[in-house]
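Grab a coffee and have a go at a few exercises on reading a protein structure. Try each task yourself before you look at the worked solution.

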Amino acid sequence: MRKLFTLALTFILGTTMIFAANSVKEEIIKNNKTEFVKSPFDGKWDGIYETPNGDVEFSITYKVSGNKITGTISSEYGDMEINEGTVKGNTFEYTMDFNGTEINHKGKLSGNKITITSSGGEEDITLVVTKSK
């Protein structure tokens with residue numbers, strides 16, 4: 001009797017686990033979801049750019065896929081797309097076109113801050129952005 005009970009319990013638990021695993025698999029396929037580990041660069045970052053005419057608040061939203069980084073820089077003056085970027089470890093590089101001038105950006109992540117150096121315009125600029133809360 002004990003063996004029969006153990007066998008029945010094992011069968012019930014086994015089929016329940018298989019059913020649950022298949023349901024999760026079907027749900028992932030149905031929703032076309034694939035889970036990946038997020039890059040520490042992914043998400044929204046906030047900064048302030050100091051100009052002679054006053055400070056300009058801006059945000060950068062990064063999206064990393066493999067070793068490619070893309071995103072958008074947003075401020076009161078509008079949005080600019082980030083293209084042609086690469087990520088390596090805790091650093092990235094990307095190029096943006098600003099009124100016909102190619103601006104190169106290099107960033108380095110340290111904790112919840114990224115230090116970004118922009119070059120190619122009239123002068124090199126260093127900005128620090130922090131992870132949005």
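The exercises below walk through a predicted model, from strand pairing to the core and a few single residues.

**Exercise 1. Trace how strands β1 to β5 are linked, and find which residues sit opposite each other.**

Step 1. Start with β1, residues 43-51: this strand pairs with β2 in the antiparallel sense, over nine bridges. The link between β1 and β2 is a hairpin through two residues.

Step 2. Move on to β2 and β3, which are antiparallel too, with eight bridges. They form a hairpin with two residues between them, and Gly66 in that turn has a positive phi of about 65 degrees.

Step 3. Now look at Ser59 in β2. Asp46 stands opposite Ser59, and Ser59 also stands opposite Ser74 in β3. That gives you a handy row to follow across the strands by eye.

Step 4. Carry on from β3 to β4. These run antiparallel and are joined by seven bridges, with a hairpin through two residues as the connection. For a landmark, take Ile69, whose bridge partner in β4 is Gly85.

Step 5. Finish with β4 and β5, an antiparallel pair over four bridges. Two residues lie between them in the hairpin, and Gly89 in the turn has a positive phi of about 65 degrees. Here the landmark is Val87, with Phe92 as its bridge partner in β5.

**Exercise 2. Work out which residues touch the most other members of the largest nonpolar core, and which strands supply it.**

Step 1. The largest nonpolar core has 18 residues, and those touching the most other members are Phe41, Ile60, Tyr62, Ile69, Phe92, Tyr94 and Ile114.

Step 2. Next, sort the core by strand. At least two core residues come from each of β2 (54-65), β3 (68-75), β4 (78-88), β5 (91-98), β7 (113-119) and β8 (125-131). The largest share, four residues, comes from β2.

Step 3. Click on Phe41 and list its contacts, skipping residues up to four places away in sequence. Among them you'll find Tyr62, Ile69, Phe92 and Ile114, names you've already met in Step 1. Phe41 also touches Gly89 and Asn90, as well as Lys131.

**Exercise 3. Is Tyr94 buried or exposed, and what does Tyr94 touch?**

Step 1. Place the residue: Tyr94 lies in strand β5.

Step 2. Check the accessibility. Tyr94 has a relative accessibility of 2%, so it counts as buried; the cut-off for buried is under 20%.

Step 3. List the contacts, leaving out neighbours within four places in sequence. They include the isoleucines Ile60, Ile69, Ile73, Ile82 and Ile103, and also Asn83, Glu84, Asn104 and His105.

Step 4. Look for a polar partner. The side chains of Tyr94 and Tyr62 are joined by a polar contact of 3.1 Å.

Step 5. Try a backbone distance as well: Tyr94 and Gly107 are 13 residues apart along the chain, and their C-alpha atoms are separated by 8.8 Å.

**Exercise 4. Describe the surroundings of His105, starting from its contact with Tyr94.**

Step 1. His105 belongs to strand β6, residues 101-110.

Step 2. With a relative accessible area of 9%, His105 is buried.

Step 3. Now hunt for polar atoms around the side chain. One polar contact, of 3.2 Å, joins the side chains of His105 and Ser118. A polar atom of the His105 side chain also lies 3.4 Å from the backbone oxygen of Ile103.

Step 4. Round off the neighbourhood. Beyond four places in sequence, His105 is in contact with Phe92, Glu93, Tyr94, Met96, Ile116, Thr117 and Ser118.

**Exercise 5. Compare Glu84 and Asn99: where do they lie, and are they buried or exposed?**

Step 1. Begin with the backbone. Glu84 isn't a glycine, yet its phi is positive, about 55 degrees. Asn99 has a positive phi too, near 50 degrees.

Step 2. Place them both. Glu84 lies in strand β4, whereas Asn99 lies in the loop between β5 and β6.

Step 3. Apply the cut-off for exposed, which is over 50%. Glu84 comes in at 70% relative accessibility, so it counts as exposed. Asn99, at 72%, counts as exposed as well.

Notes. Residues numbered from 1 in each chain as written. Predicted model: local features only at pLDDT ≥ 70, side-chain atom pairs only at ≥ 80, totals over all residues. Heavy atoms only, no water. Core = buried A, V, L, I, M, F, W, Y, C linked by side-chain atoms within 4.5 Å. Buried < 20%, exposed > 50% of the residue type's maximum accessible area, 1.4 Å probe, protein only. Contact = heavy atoms within 4.5 Å. Polar contact = N/O pair within 3.5 Å; in protein donor to acceptor, adjacent residues only side chain to side chain. Pairing = 2+ DSSP bridges.
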